[in-house]
Amino acid sequence: MKFPTLLTLGLAASVHGQNEMDRLMRLKTDQRNSMRAQGVFNRYDNARLGAVAPVPCVNGKSGPYSCDKVDMLSFLSHSQLGSSTKEGNDIWGWTSPDGREFGAVGQTDGTAFVEIDKTGALKYVGRLPTQTVPSIWRDMKVVNGYVYIGSEAANHGLQVFDMRKLLSVRGAPRTFNIKNDLTAWYRGFGSSHNIVAHEEKNMVYAVGTNRSSSCKGGLFMLDVSNPANPTSPGCVSEDGYIHDAQCVVYNGPDTQYLGKEICFNYNEDTLTIVDVTNKQSPRQLSRTPYVGSAYTHQGWLTSDSDMSFLLLDDELDEQDGTGVAANGRTTTYIFNITTLASPVNTGYYQSPVKSIDHNQYTKDGLSYQSNYNSGLRIVDVRSVEADPTGKGFKQVGFFDVHPEDDADGGKVEFSGSWSVYPYFKSGYILLNSIERGVFALKYTG
């Protein structure tokens with residue numbers, strides 16, 4: 001009897017991952033085209049919807065939006081943010097040395113920049129158009145004041161833009177030039193799906209680049225110590241395509257890796273952990289599948305100081321009805337990573353409503369989840385060490401930016417919110433809606 005080799009198994013997993021990613025992108029594109037045909041992106045093009053005065057959450061409502069312990073402070077539509085396609089995607093934030101807070105708001109045709117003032121009001125400052133053509137997928141992260149922007153748009157490469165340019169904008173919003181106003185345009189890869197930043201190490205990792213390249217869509221490493229001249233010291237390709245990742249200087253209980261640069265990679269059907277300290281010779285520590293896997297999408301450590309557990313979201317389990325997600329309720333998988341070589345899926349958390357999960361980030365024991373149709377969901381995960389099954393997890397606040405399905409208890413669709421940024425010192429939260437615009441929110445719990 002012949003047994004499959006590791007190489008054969010790896011190739012099979014890669015083919016399966018590509019098929020699932022192709023299907024996922026096709027599902028999103030089909031729904032997006034249907035929304036366009038219905039004129040969805042023109043419904044929120046009215047000036048009265050923009051820059052609204054604060055609307056507190058009272059008796060479960062903030063204007064038309066269902067909520068709990070989350071106030072809406074301001075809103076700007078994608079049209080008001082200069083987008084002609086009026087469709088949103090990713091979002092990230094930056095705080096200037098003097099404490100001003102800015103957001104980079106992803107759109108299909110570029111990146112808009114907003115400032116949040118001391119009251120939580122949003123001001124449109126300017127925009128940077130796409131480097132080539134529009135795309136549903138655009139992603140950005142900030143390292144030392146420079147925003148690094150990638151996209152699934154063909155030949156887009158990586159835009160490097162100095163956000164300090166926003167500090168001198170006065171009066172009307174400024175449209176920045178994709179040639180003259182960029183610090184750099186890195187063209188070592190064409191398209192990418194996500195951008196991962198490790199500010200402590202001056203590193204950016206582009207993931208989801210071309211599968212047929214030598215990097216296989218894995219961690220495409222970029223040293224951005226000199227933002228004007230990013231250089232690539234290596235690549236992580238052993239487990240193939242990576243959809244998203246979080247990279248840290250490890251400070252967890254697995255003492256042999258203390259001080260090492262560790263990346264937690266979300267690899268389509270596994271959690272894959274890699275030591276990238278040596279950029280020329282990265283070392284894969286583990287590759288962990290889990291029951292219910294459909295498309296491993298993204299995740300985050302529950303604590304930067306402890307690093308014993310992480311949360312993982314799967315973008316197709318609710319859609320496909322796999323495992324515990326068969327009920328359509330947003331499912332978050334919990335992993336014990338106290339031993340990096342052998343993570344264990346210890347449990348899960350399910351939202352009270354139906355929705356697909358997309359991106360989540362943790363801060364001070366709370367997971368801020370951007371869950372498509374159900375919007376922002378804030379989950380208290382501080383009980384994870386005492387009970388890693390997730391039974392102690394509790395939703396403590398939410399803001400639903402897609403009221404159209406509220407009466408149905410939510411729907412498993414690719415509309416609503418794309419991503420969230422919860423890290424401003426002020427406590428203001430930015431949430432980017434696909435069809436509406438950017439919301440400035442405040443958790444009051």
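This text walks through the fold, the nonpolar cores and the aromatic contacts of one protein chain.

The model is predicted. Its protein chain contains 31 strands and 2 helices. The radius of gyration is 21 Å, and the globule rule gives 22 Å for 445 residues, so the chain is as compact as a globular protein of that length. Along the principal axes, the C-alpha atoms fill a box of roughly 70 × 50 × 40 Å.

Next, burial and contacts. Of the 445 residues, 59% count as buried. The chain exposes about 16,800 Å². Carbon and sulfur atoms supply 50% of that area. Take the contacts between residues at least 6 apart in sequence: 57% of them join residues at least 24 apart.

Now the interior. The largest nonpolar core has 54 residues. Which residues have the most contacts inside it? They are Met163, Leu376 and Phe399. Leu376 is worth a look in the viewer. Leaving aside residues up to four places away in sequence, Leu376 touches Val70, Tyr368 and Gln369. Leu376 also touches Gly397, Phe398 and Phe399. Its other partners are Ser417, Val420, Ile429, Leu431 and Leu441. Phe399 thus appears twice, as a partner of Leu376 and among the residues with the most contacts inside the core. A second core is separate and has 19 residues. Val248, Ile262, Phe264 and Leu285 are among them.

The aromatic side chains come next. The structure holds 22 aromatic pairs. Consider the pair of Trp92 and Tyr361. Their ring centres lie 5.2 Å apart. Their planes meet at 70°, which is over the 60 degrees required, so the pair is edge-to-face. Where do Trp92 and Tyr361 lie? Trp92 is in strand β4, residues 88-95, and Tyr361 is in strand β25, residues 359-363. The pair therefore ties together parts that are 269 residues apart in sequence. Is Trp92 buried or exposed? Trp92 is buried, and Tyr361 is buried as well. Both residues also belong to one aromatic cluster, together with Trp300, Tyr421, Tyr423 and Phe424.

Two rings have a charge over them. The charged end of Lys28 sits over the ring of Trp418, 5.0 Å from the ring centre. The charged end of Arg211 sits over the ring of Tyr241, and here the distance to the centre is 3.9 Å.

Notes. Residues numbered from 1 in each chain as written. Predicted model: local features only at pLDDT ≥ 70, side-chain atom pairs only at ≥ 80, totals over all residues. Heavy atoms only, no water. Phe/Tyr/Trp six-rings, centres within 6.5 Å; stacked < 30°, edge-to-face > 60°. Helix = DSSP H or I, 4+ residues; strand = E, 2+ residues; numbered from the N terminus. Buried < 20%, exposed > 50% of the residue type's maximum accessible area, 1.4 Å probe, protein only. Lys NZ or Arg CZ within 6 Å of the ring centre and 35° of its normal. Core = buried A, V, L, I, M, F, W, Y, C linked by side-chain atoms within 4.5 Å. Contact = heavy atoms within 4.5 Å. Rg over C-alpha atoms; globule rule 2.2 N^0.38 Å. Areas by Shrake-Rupley, 256 points an atom, 1.4 Å probe, with all protein chains shown as cover.
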